[in-house]
Amino acid sequence: MRLITAVTFTLVIIVASAVSPQAQNPPAAPVTNAPGIPGWAYPVAAGVPGPKDDGTVLHVPNSTVGMTLTQARNASDAPDWHPDEHPPMPDIVRHGRIADGVRACGYCHYPNGLGRPENASIAGLPIDYFIQQVNDFKHGVRKTSEPAMRPPQLMVDTAKAATDADIRTAAEYFSALKLKPWIKVVESKTAPRTEILGGMLVPLADHSTEPLGDRIVEVPVDAHLTEGLRDDQSPFVAYVPVGSIVKGEALVTTGGARLAGGKIVPGKTAACSTCHGADLTGYADMPPIAGRSPSYMVRQLIDMQKGNRNGPGVKLMKPVIANLSLQDMIAIAAYVSSRSPESSRPATTARRE
């Protein structure tokens, strides 16, 4: 295995007294996705009962906090394993208003804003951009191409119930947070075989693998910490096709332009840095995209290309994405996700297997 980057995650092996959710519940039966929609980008599964709480107080690495399973999975009191690593959460972020239909932002997107593949990393988003996106959900102009996917629908429901004050409070909180290296991008010919758990892909318990093909398979490093206990420091790894990062770099940095006969031949898209900044960490009100979930990124490109995600910002994206194939989107997402989200550190987080 050849290491491409100096950025690595330390894998911490812990012995937890709770049983893994995978061990307690059989895999959910997959649900057929809408035509033309890649299931790996839009995970949809039948619901399964959650793991049972036996009252044991559980712990995660690098934290002195203890919680029962019920506390760790309480959508009206976002589990906060690392309270010293972010400012105090406003009430709308920590608790929401479940009776009014407003879910706690920090439950799905985490107290540190790093989020998960089935929703989004929202740490460091510009305030005005954040507010616009929530209002796009509220007013029906931002939709998913897979109506059966539950997290986008939950976001729509929450946005419709949220007040302007709720949205601004959340925007100000999350914009002040920094997106950290969170996802390790690995070029590989194979990937773990997966099931769908909690809205995301997770590796099967037998650690079996299968050919990757033209997919991105993004999974938690430790499914128990990530899905079972919702630890917002438990990272992810994304398996991408071999060669996709180099292909993505060409599309992202030049739009795929090339020299032919001494002349520059335009590519099929535009350089992402034009709007998202030279290091892809944002510019003015344009969102930072470096280091974010690649499967989420592909999902957004598909939604915009199919006309399901609209809004002011999408008008600028329409001509940029019009000619992209799914393979192009995979390559772009692989490269962008491999870049460090910290603008002072332009190093990649990718490696090859």
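These exercises work through helix packing, burial and backbone angles in a predicted model.

**Exercise 1. Overall make-up**

Find how many helices and strands the protein has, and what share of its residues is buried.

Solution.
- Step 1. The secondary structure comes to 13 helices and 10 strands.
- Step 2. The protein has 353 residues, and 51% of them are buried.
- Step 3. Take the contacts between residues at least 6 apart in sequence: 65% of these join residues at least 24 apart.

**Exercise 2. Helices H11 and H13**

Classify the packing of helix H11 against helix H13, and describe the residues in the contact.

Solution.
- Step 1. Locate the helices: H11 covers residues 294–305 and H13 covers residues 326–338.
- Step 2. Their axes are 9 Å apart, and the packing angle is about 140 degrees. Because an angle has to be over 145 degrees to count as roughly antiparallel, H11 is oblique to H13.
- Step 3. The crossing of the two helices is right-handed.
- Step 4. On the H11 side, the contact is made by Pro 294, Met 297, Val 298, Leu 301, Ile 302 and Gln 305. On the H13 side, the partners are Leu 326, Met 329, Ile 330, Ala 333, Val 336 and Ser 337.
- Step 5. Sorted by class, this contact of H11 with H13 holds 10 nonpolar, two polar and no charged residues.

**Exercise 3. Met 304 in H11**

Decide whether Met 304 is buried or exposed, and list its contacts outside its neighbours within four places in sequence.

Solution.
- Step 1. Met 304 belongs to helix H11.
- Step 2. The relative accessible area of Met 304 is 6%. Burial requires a value under 20%, so Met 304 is buried.
- Step 3. With neighbours within four places left aside, Met 304 is in contact with Arg 309, Val 314, Met 317, Lys 318 and Ile 321.
- Step 4. Thr 144 is 160 residues from Met 304 in sequence, yet the C-alpha to C-alpha separation is 9.2 Å.

**Exercise 4. Helix H9 and its packing on H13**

Work out how the buried residues of H9 are arranged around the helix, then classify the packing of H9 with H13.

Solution.
- Step 1. Helix H9 spans residues 244–254, and its buried residues are Ser 244, Ile 245, Gly 248, Leu 251 and Val 252.
- Step 2. Viewed down the axis of H9, these buried residues fall within an arc of 125 degrees, so they line one face of the helix.
- Step 3. H9 and H13 pack at about 90 degrees, with axes 7 Å apart. Angles of 65 to 115 degrees count as roughly perpendicular, and H9 and H13 are therefore roughly perpendicular to each other.
- Step 4. H9 contributes Ser 244, Ile 245, Lys 247, Gly 248, Glu 249, Leu 251, Val 252 and Thr 253 to the contact. H13 contributes Gln 327, Asp 328, Ala 331, Ile 332, Ala 334, Tyr 335, Val 336 and Ser 338.
- Step 5. By class, the contact of H9 with H13 has eight nonpolar, five polar and three charged residues.
- Step 6. After H9 comes Gly 255, with a positive phi near 75 degrees.

**Exercise 5. Helices H5 and H7**

Classify the packing of H5 with H7, and give the classes of the residues in contact.

Solution.
- Step 1. H5 (residues 127–138) and H7 (residues 164–175) pack at about 135 degrees, their axes 9 Å apart.
- Step 2. The two helices are therefore oblique to each other, and H5 passes H7 in a right-handed crossing.
- Step 3. Among the contact residues are Asp 128 and Lys 138 in H5, and Arg 168 and Glu 172 in H7.
- Step 4. The full contact of H5 with H7 divides into eight nonpolar, two polar and four charged residues.

**Exercise 6. Positive phi outside glycine**

Place Arg 230 and Leu 280 in the fold, and state the phi and burial of each.

Solution.
- Step 1. Most residues other than glycine have a negative phi.
- Step 2. Arg 230 has a positive phi, near 55 degrees. Its place is the loop between helix H8 (223–228) and strand S7 (236–240).
- Step 3. Arg 230 is buried, at a relative accessible area of 6%.
- Step 4. Leu 280 has a positive phi of about 65 degrees. Leu 280 lies in the loop between helix H10 (273–276) and H11.
- Step 5. Leu 280 is buried, with a relative accessible area of 4%.

Note on methods:
Residues are numbered from 1 along each chain as its sequence is written. This is a predicted model: local features need pLDDT of at least 70, side-chain atom pairs count only at pLDDT 80 or more; totals for chains, interfaces and linings use all residues. Side-chain values use heavy atoms; hydrogens and water are left out. Axes are lines fitted to C-alpha atoms, for helices over the stretch in contact, and angles run from 0 to 180 degrees between N-to-C directions. Helices (H or I, at least four residues) and strands (E, at least two) are DSSP runs, numbered from the N terminus. Angles under 35 degrees count as roughly parallel, over 145 as roughly antiparallel, 65 to 115 as roughly perpendicular and the rest as oblique. A crossing is left-handed if the near helix is turned anticlockwise from the far one by less than a right angle, and right-handed if clockwise. Contact means heavy atoms within 4.5 Å. Ala, Val, Leu, Ile, Met, Phe, Trp, Tyr, Cys and Pro count as nonpolar, Asp, Glu, Lys and Arg as charged, and the others, Gly among them, as polar. Buried means under 20% relative accessible area, exposed over 50%, partly exposed in between (1.4 Å probe, protein chains only). The arc is that of the directions from the helix axis to the C-beta atoms.
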